[in-house]
Amino acid sequence: MTSPLAAGVAVAVITLLAVVGPLLGLSTAWIALLAATALGALTVDAASFSGRGGHLLAEALPGGEGRLRRIAVHEAGHVLVAAEQGLPVRRVLVGSLACLRAGQAVGGSTEFDPPEHAKLPLEELRRWSRVLQAGMAAEQVIYGASVGGADDRALLGRMWGLSGHDVATAQREQRRARRETDQLLRRRQQELEAEAARLLAEAPRLGRVSLQEA
């Protein structure tokens, strides 16, 4: 839950308690205490965890592994396709805790060395189109739909925007790259799942030491 949304929910709950609480027998002192606690938690979350405290908690709870596994699948797609395309991977982060430790307020990240030039030749753009869409393609292969990848799409859009190619060409090439990436990951689904399992095992969580840290 993002900080603005969390704050909105907290204000709504406090307002509801202020109206309904007395009817339920809750004293105003208890309502004030609950309000102070909620707002204090939001402040600590924003200051210490970049608004991702709720994500950290969700990932630490028993059902959090499913959430982390989806992130691991997404990043594993980037890793496999990057290796196929000959693009070195600098670092892979899975989960809010790993990302916050690295100074990033996201749930997962695969980092590459940036291109040497802003304006890339067509073949380089095709390679990046495959790699940057690989996380979404991996989710599609395993889960039937993708929910992540907004940052990947934005970066890819900027790359094509700087390339000088027209919009129709950019869209056609990206669709082609996505089809090729889907086909590759479906052929290599077992490798995709194995890589996701490895990344998941290394992902740190509150209250748990990852295999990488052990």
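**Close-up views of a predicted model**

**View 1. Helix 4 (residues 64-85) packs against helix 10 (residues 189-202) at an angle of about 120 degrees, with their axes 8 Å apart.** Axes here are lines fitted to C-alpha atoms, for helices over the stretch in contact, and angles run from 0 to 180 degrees between N-to-C directions. Helices (H or I, at least four residues) and strands (E, at least two) are DSSP runs, numbered from the N terminus. Helix 4 and helix 10 are therefore oblique to each other; angles under 35 degrees count as roughly parallel, over 145 as roughly antiparallel, 65 to 115 as roughly perpendicular and the rest as oblique. Their crossing is right-handed, a term for a near helix turned clockwise from the far one by less than a right angle (anticlockwise would be left-handed). Look for Leu 68, Ala 72 and Val 79 among the helix 4 residues that meet helix 10, whose own contact residues include Leu 192, Ala 196 and Leu 199. Contact means heavy atoms within 4.5 Å. By type, the residues of this contact divide into 10 nonpolar, 1 polar and 6 charged (Ala, Val, Leu, Ile, Met, Phe, Trp, Tyr, Cys and Pro count as nonpolar, Asp, Glu, Lys and Arg as charged, and the others, Gly among them, as polar).

This is a predicted model, in which local features need pLDDT of at least 70 and side-chain atom pairs count only at pLDDT 80 or more, while totals for chains, interfaces and linings use all residues. Residues are numbered from 1 along each chain as its sequence is written, and side-chain values use heavy atoms, with hydrogens and water left out.

**View 2. Helix 4 also packs with helix 7 (residues 134-143), at an angle of about 125 degrees and with the axes 7 Å apart.** That angle makes helix 4 oblique to helix 7. Here too you can find a right-handed crossing. Gly 66, Arg 70 and His 74 are among the residues that helix 4 brings to the contact, and helix 7 offers, among others, Ala 134, Met 136 and Tyr 143. The contact residues divide into 7 nonpolar, 5 polar and 3 charged.

**View 3. Ser 163 sits in helix 8 (residues 150-163).** Ser 163 counts as buried because its relative accessibility is 5% (buried means under 20% relative accessible area, exposed over 50%, partly exposed in between, with a 1.4 Å probe and protein chains only). Leaving aside neighbours within four places in sequence, Ser 163 is in contact with Lys 119 and Leu 125. Leu 120 lies 43 residues from Ser 163 in sequence, yet their C-alpha atoms are 6.0 Å apart in space.
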